Each structure stands twice: as structure tokens, then as C-alpha cells.
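Trainee: Please take me through one part of this model closely. I would like to start with the charged side chains and then see what lies around them.

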Amino acid sequence: AHVVANISASPVHIGKGREREEMLSVRARDNVCWIAFVNAVGGQDELVFDGHSLVIDQEGEIVARAPAFEEALLVVDVDPATAVGHRLRDARRRALARERTALPDPEVVDLGAAAAVPASNFKTSPEPVQPHPRRSQLEPSLSELEEIRRALELGLYDYVTKNGFSDVVLGVSGGIDSAVTAALAAEALGPARVHLVSMPSRYSSSETRDDARQIAESLGTPFLEIPIEPIVEAFGSALGDVFDGTEPGLAEENVQARARGVLLMALSNKFGWLLVATGNKSEYSVGYATLYGDMAGGFALLKDVYKTDVFRLARYLNEHAVREVIPFSTIERAPSAELRADQRDEDSLPPYEKLDVVLEAYVELDRSREELLRDGFDRETVERALGLIDRAEYKRRQAPPGVKLRPKAFGRDRRLPITNHWRA
């Protein structure tokens, strides 16, 4: 073969575009042939196909690179004779060619002429170019944060539109996760199709309430504020006799989260909006999320994004927009669920900077407890994190799908039994 066309549906994870380029360049050099890698574009459930199609010559040089995360018609003229000439300069390949001339020609199956697809069907259709000078059709490679942004937006857009939804709804608390989710959704779908709902309680600070409203104003999205205190009080009244004599705790906190879930699902049912959950991978890893509360929804956009990356992404979105899309106060404020007075995430969890490196090693790299301790990870953080991760499997089993960004995401990539009697 002088030219190999690789028609592919290769889903993306962070850095996979570079991995593919390296692998295909080696294959082209090894086989002394041109390779045209033609990849699908679009989202399907958790998977996002990023395009990033390539044309590579027989020396492994990338001649053309199509854009990532968008459809394009890339036309490249190749000269197979360059591969033939390169082979003939290799004595080993000359001998192989002589052997093959004695073989009968392979049977050729005529599949008929396929109908051509008009170039107007594609978003871009560059003019055909000669392969020299090289690199004239090389789309730039994306930074890690831009790759994450594009994957999340394409994954959400296709999940919404291909499943027949017009709009989405999500709760905004004034916190970093809901702010980033709202910004990505507005960019992917357009602000008019994204409905933001603030649901303050007695524990919601004036700062977070102001930030929730400011995010909607900054993005230009519809905004609702529905206080949950009357609903929480009604639950408290209904449960008062049963809870009498007990100390307030997790049950009362989760009633608030579930009241918000009920309101958001009511809006989803009434108006046909897809509810987008706003939890991140760090929270899902350790179970720092409420079933039927903030985990409610049809799609969890940040499901494969660690909390530390959520902060990086928030700053990047502001840089990308060249304005303060996400309020600076939201980015700088210590994370809190605001389900009790003066609550902070770090009251219940190790600091995210320490937690996320343990989560990545244990969840994605399959490092054992003993290996983590041997590698120098903090013992207290390891013991605490691993216990939380293992106990939270039943929650993750009930979480909505979300965009896969890493080689090992929760769901199809990491399936563990909930029941482990030896751990009890």
C-alpha cells in the first residue's frame, strides 16, 4: 500500500491527540507509506470524538492537520510516488518488492461509486493544496485547558440536541462548580437556552446570592430565584416527631439539597429542560454529593473534572472571554456546600490540592494503598481518601452520565462491586 486511509471513531481524552500523532507517525515511517487518519466528530453519551484528522507522509511528517472538535473538509493532494521512491532506496525493501511481483494480483471487489458529499455540508472547506511546502495546512495543537473546554462544550451540545432537548436548567449557588457549568453551557448552547436557578436557604450568604445573580447577568441567561426555606420548614414539621430527641446533622443538611433537586426536576418536567448536574470528579470520588439532591439530573458536565481543574478552568474561561465571566469572588472563595452555618468543604475533606493527586493515583493509575504510602503520599490523606472512595461506589452507580476526559472515567471505565464484605 502506498496510501492508507484510516477511517476512525476514536474518542478523545486529555492529550490523546498528541498520542495519536506520535503513534501514526511511527506507523507511517515503519511502513513507508502515507497515512490519512479520518476521525469522527461529535458527542455520544460520555464519549466525545474530537476529529483532529491528519495526513502524514512516508517519513512520518504531518503534512496536514484538520481542526479539533469541529467538522471540516480537509483536501490534500498526495504523491504516492514519493513513498515508492523511498522504498526503492532501501535494499531490504527492493528485495521484498521483487518477491511480490511474482505473486498473482489480489482480487479487487468493485463496491460501486458512492455519492459525493457536497462541500457545502461542512462548516469549512479549504481549497485543495499541494503537499509542498509542508505545514501549510497544519491547524495548531490545543492547550490542555482549551482541549477540556472544547470537549465539554461539544459533549454537552450534542447530548442536548441529539436527545431532542431545546434548553437546559441548572442550579447556581454562587460557587465555582455551578459557575463553570453555567459558563460552558452558555457558550455551547447560547445564553437564551440556559436557565439558571438560585435556591438560597438560611445558610446562604449574601455574597454567594449576589454572585449567583451576577453570573446570570454576565452570561445573559434567564435567571430565577426560588428560596427553599419554606420547603425545608415543611419537611422539618413533617419529620419533627420522628426526629424528636436527636441532634441535627447530615439528614437535615441533605433535606436542603434534596429540596433543591425537587425544584429543579419540577422545572425540567414542566418545561422540558434537561437538568444538568454541577458536581465534579473530586466530589463524586469521595461521595461528597447528595443522592437525589445535587446529583439529580440528566447529564453531569464536570463529572470527569477534578476540583483543582475546575478552578484552573474558571480562570481560563475568563481569559478566553477577555472579561470577568465568572466573578473573581467566586474563584477566590473557599468552597462550601452552605448546608450549615460556617461550613467549608475542608471540614469534611482533605484540601483539594492534596486530595486530587491521591484520587488520580488511586482511581486512574490503579495505585494501591501500599504503593501510595511508599511513594510518599501523606498517610492521613491516603487513609481518609481511599475509605471515602470505596464507600461511595453506590452513589456513583446512580450518577448521570458526563463527558469522559481522562483515560479512566467513572462508569464504563471503572466498575467495582458495591458489596465488599471483607471491608466491613
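**Salt bridges, helices and rings**

Mentor: Start with Asp-50 and Arg-20, whose side chains meet in a salt bridge, 2.7 Å from N to O. Asp-50 belongs to strand β4 (residues 47-50) and Arg-20 to helix α1 (residues 16-31), so this pair ties together parts 30 residues apart in sequence. Keep in mind that the model is predicted. Now look at burial. Asp-50 has a relative accessible area of 0%, so this residue is buried. Arg-20 is at 5%, and therefore buried too, since the cut-off is under 20%.

Helix α1 carries a second link. Its Glu-21 forms a salt bridge with Arg-65, with the closest N and O atoms 2.6 Å apart. Arg-65 sits in strand β6 (residues 62-65), 44 residues from Glu-21, and the pair links distant parts of the chain. Both Arg-65 and Glu-21 are buried.

Stay on α1 for Ala-28, which is found in that helix. Ala-28 has 0% relative accessibility, so it counts as buried. Set aside its neighbours within four places in sequence. Ala-28 then contacts Cys-33, Ile-35, Ile-56, Asp-57, Gln-58 and Gly-60. Ala-83 is 55 residues away along the chain, yet its C-alpha atom is separated from that of Ala-28 by 9.9 Å.

Next, a bridge inside one helix. Glu-146 and Arg-149 form a salt bridge, their closest N and O atoms being 2.7 Å apart. The two residues lie in helix α4 (residues 144-162), three residues apart, or about one turn of the helix. Glu-146 is buried, as is Arg-149. Other salt bridges share partners: Glu-144, Lys-281, Asp-304, Asp-309, Arg-312, Glu-360, Glu-364 and Arg-406 are joined into one network. The count of salt bridges comes to 32.

Asp-309 from that network takes us to helix α10, where it is one of the buried residues. Lys-307, Val-310, Phe-311 and Leu-313 are also among them. So are Ala-314, Tyr-316, Leu-317 and Asn-318. The buried residues of α10 pack against α4, α5 (176-189), α9 (281-286), α11 (328-332) and α12 (352-364).

Check the length of α10 (residues 307-321). Its 15 residues should span 21 Å at 1.5 Å a residue, and the end C-alpha atoms are 21 Å apart, so the two values agree. After α10 comes Val-322, with a positive phi near 55°.

Set helix α7 (residues 229-243) beside that. A straight helix of 15 residues would span 21 Å, but α7 spans only 18 Å between its end C-alpha atoms. Look at Ser-237: a kink of about 35° in α7 is centred there. Just after α7, Gly-245 takes a positive phi of about 90°.

Lys-281, another member of the salt-bridge network, leads to a ring. Its charged end sits over the ring of Phe-410, 5.5 Å from the centre. Arg-396 also lies over the face of Phe-410, at 4.6 Å from the ring centre.

Finish with rings that pair with rings. A search of the whole structure finds two aromatic pairs. Phe-271 and Trp-273 form a stacked one, with 4.8 Å centre to centre and 25° between the planes. Trp-273 has 10% relative accessibility, so it counts as buried.

Key. Residues are numbered from 1 along each chain as its sequence is written. This is a predicted model: local features need pLDDT of at least 70, side-chain atom pairs count only at pLDDT 80 or more; totals for chains, interfaces and linings use all residues. Side-chain values use heavy atoms; hydrogens and water are left out. A salt bridge is a side-chain nitrogen of Lys or Arg within 4 Å of a carboxyl oxygen of Asp or Glu. Helices (H or I, at least four residues) and strands (E, at least two) are DSSP runs, numbered from the N terminus. Buried means under 20% relative accessible area, exposed over 50%, partly exposed in between (1.4 Å probe, protein chains only). The expected span of a helix is 1.5 Å times one less than its number of residues. The bend at a residue is the angle between axes fitted to the seven residues ending there and the seven starting there. Contact means heavy atoms within 4.5 Å. Rings of Phe, Tyr and Trp (its six-membered ring) pair if their centres lie within 6.5 Å; planes under 30 degrees apart count as stacked, over 60 as edge-to-face and the rest as tilted. A charge sits over a ring if NZ of Lys or CZ of Arg is within 6 Å of the ring centre and within 35 degrees of the ring normal.
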